[in-house]
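Reader: Could you walk me through some side-chain contacts in this model, slowly, since I am new to this?
Author: Gladly; have a look at the structure first, and then we can take the contacts in turn.

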Amino acid sequence: MEIPSIMSDLALILISASLTTLLFKWLKQPVILGYIVAGLLVGNQFQLVPTVSDFSGVRVWADIGVVFLLFALGLEFSFKKLLSVGKNALVASFVIIVGMILLGFAVGMSLGWGSTNSIMLGSMICMSSTTIIIKAFDDLDIRGKKFTRLVFGILIFEDLLAILLMVIISTMSVSKTFEGTGLVVAIIKLGFFLVIWLVLGIFFLPTFLNNAKKMLNDETLLIVALGLCFGMVMFATHVGFSSALGAFVMGSIFAETMEAERIDFIVKPVKDLFGAIFFVSVGMLIDLNILMEYIVPILVISASIVVGQIFFATCGVLLSGQSLKTAIQSGFSLTQVGEFAFIVASLGTSLGLIDEFLYPVIVAVSVITIFITPFMMRLADPAYGFIVDKIPANWLEMIERKRTSTVKEESVWKSLLAQILRIVCIYSVVIIAIIAISVIYINPFITSFVGGVAGKILAASVSVLLMSPFIRALVAKKNHSKEYRYLWALKKTNWIPLVLLTLVRVMLAIGFISFVLYSVFNHVGIILVFSVSALLICLMMFSKLLKMQSIKLERRFISNLNLREHELQRAKEERSAFDSSQLERSLSMYDLHLADFTVSADAPCCGKSLIELNYRTRFGVHVMSIMRGSRRINIPGGKEMIFPCDKILALGTDEQLQSFKGELEFDDSCRLDAGNMKEVSLEQIEITKGSSLIGVSIRESGIRDSAKCMVVGIERNACAMVNPDVKTEFMAGDIVWIAGEKDKIEELRSKGTAVEK
């Protein structure tokens, strides 16, 4: 029996990829490089090893891999996360993207590659690699530093731009160049469909998943998620977008649901498999002869990326208001071409926008820049020190100067205008979608069954009825908000612009209704249509039923949008109240344990007292001991200060201690010996009848200040409290968990005045 070529090719790809990835793992290099080398081996470059026979079949597998990669990226994306990273990442990413596209265009033109190839080169080098940066941060143990959060925000915006670039590249495929009008239309079309997809997806998908939760085991959830993913891929392709965009959008919709982490977990093996095939296919397209011919341009482009990313990222981060050190650290972290460059290059090749030589060139550039990424990150701090020493003091003072806050009235105006703009955009898109469906499908269907004027009236009524909740929200929302009332009461000169804001929205709503009416009654005068539309708007504004329906729809959407955060918060609150009768079991469940950390010189906690830092509330951890040189302070008081190079022993869960680690800028090279932990222990004590502690709060007991011990838990009436409030009063029969030096606890227990075993 003969094996189909697609199966033999798949076996060859996976065997070669497994060998090369193991080798690159051993060399402590990214596995993506291993996949590319595997593709180079099984391509047609070497005759000594077996090669792939059906390149078209591998291309199909690779296209499926792109879909899975973009779907997984969407699962990690979340538009709420995009808003949370703030304007700093937006400003920095804008400067980087624009600067690198222009730099790539200039380098391409200087090499004589033509305008289209040069534009595509700029599009490929403007995005850094999220995967490589995360791995490098983990390997260097710097993921908890301040600048890394900003870098992640920049990467989020770059991923969003990559989706937009795919749309722009598709428009270029027709004319082989940028067409201004076509580009604007494509961007507007993209924005329209993105809003529709996200609004409908967030409105319906969380509800569907919640209702079907009992039937969604891992198998069925995988099938449902991938079915919706490929359904969106088909729809996106049908309306003129790329399959990658459809996969990304569906992933971002799933990212707002409670099942996001679970879907990411069950999809990951499938994504890794097809992603590996995609990256192997990238290596198969490398032509060694082309690489040798273009070795100089490859080195020039690689150097341009490193210099350009450092320069533009540093400038962008500085413009966003960050410090010079943060800017330089961010710039040195972004000096690589990411995996999105392969996807953009693949799309450009399939559309015939780039010459054949550019694909292997950009792959070679990516390999070089990925390889040097860890070394560039290590150079960030020395580069900062060198720059600080060389630039004049007044320049440094100007760079580090913080921006002053805006006037309150201006900030309120900005907030109100931003909210109204968001409302107008979202509801207008929804209304336009309803109008399009009505004009194309609903109205012809109704008029075909009900003829004459009656049919037209019925069709118009149905269309207006479907639009009415959104029309009312478009006109009425934020007219009674606290910002609106504040500006109205502040001064009379605000009245005219506030009224104009409302009138503009009213006129927009009248325009929507007029369009629907005129599309049905095309022989009716415009004045009559306008008058009827205005009357309908008035009826909508005074309708209590419509108001309740509008509020209900909005609450449903907001509830689904925030469902994930609410459930996570509820789960967190439930974890603070245990139903176990044994606190020891509870502590085991929550993995409370001791861990030690070293405070670095630039940690934000340096020079502050424990009261100011409030670690118990912020992180849920207890500071058990501070070692400063040869001095050890066990169960430190609230006034105790934290200084650089202090060694801190803390009690908490893995999650809490990991968050606490970032606060101290933890340095793994300065860990304490395990023997040091033995000096602080966790003991269980019972309060018996007649104890002087009965009715006394934890704060008043003096256990911390006098005995230098700390109450970390209380078991009472088959319930347990971890991190009890200092106002909690002791009761007879309480089982108290106390942390401290073992001899101090024994001394406390032996006194017999407060607690007994």
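Author: Before we begin, a residue is called buried if its relative accessible area is under 20%, exposed if that value is over 50%, and partly exposed in between. Please also keep in mind that this is a predicted model.
Reader: Okay, so is R262 buried, exposed or partly exposed?
Author: R262 has a relative accessible area of 26%, and because this lies between the two cut-offs, R262 is partly exposed.
Reader: And which side chain does D218 meet in a salt bridge?
Author: The side chain of D218 meets that of R262, with a distance of 3.2 Å from N to O. D218 lies in helix α10 (residues 218-238) and R262 in helix α12 (residues 260-284), so this pair ties together parts that are 44 residues apart in sequence. D218 itself counts as partly exposed, at 41% relative accessibility.
Reader: How many salt bridges does the structure hold?
Author: There are 4 salt bridges in the structure. One of them joins E259 and R262, at 3.4 Å from N to O, and here E259 counts as buried, with 8% relative accessibility.
Reader: What about D272, which residue does it form a salt bridge with?
Author: D272 forms a salt bridge with K271, and their closest N and O atoms are 3.8 Å apart. D272 is partly exposed, at 34%, whereas K271 counts as buried, at 17%.
Reader: Which residues do salt bridges with shared partners join into one network?
Author: That network consists of D218, E259 and R262.
Reader: Changing topic, how many aromatic pairs are there?
Author: The count comes to 19 aromatic pairs. Among them is the pair of F311 and F312, which is edge-to-face, with 5.2 Å from centre to centre and 75° between the planes. F311 counts as partly exposed, at 49% relative accessibility.
Reader: And why is the pair of F619 and F660 called edge-to-face?
Author: The planes of the two rings, F619 and F660, stand at 70°, and their centres are 5.9 Å apart, so the pair is edge-to-face. F619 lies in the loop between α28 (615-618) and β3 (622-628), while F660 lies in helix α29 (residues 654-663), so the pair ties together parts that are 41 residues apart in sequence.
Reader: Are those two buried or exposed?
Author: Both F619 and F660 are buried.
Reader: Last one, which residues do ring pairs link into a cluster?
Author: Ring pairs link W61, F68, F230 and F274 into a cluster.

How values were computed:
Residues numbered from 1 in each chain as written. Predicted model: local features only at pLDDT ≥ 70, side-chain atom pairs only at ≥ 80, totals over all residues. Heavy atoms only, no water. Phe/Tyr/Trp six-rings, centres within 6.5 Å; stacked < 30°, edge-to-face > 60°. Buried < 20%, exposed > 50% of the residue type's maximum accessible area, 1.4 Å probe, protein only. Helix = DSSP H or I, 4+ residues; strand = E, 2+ residues; numbered from the N terminus.
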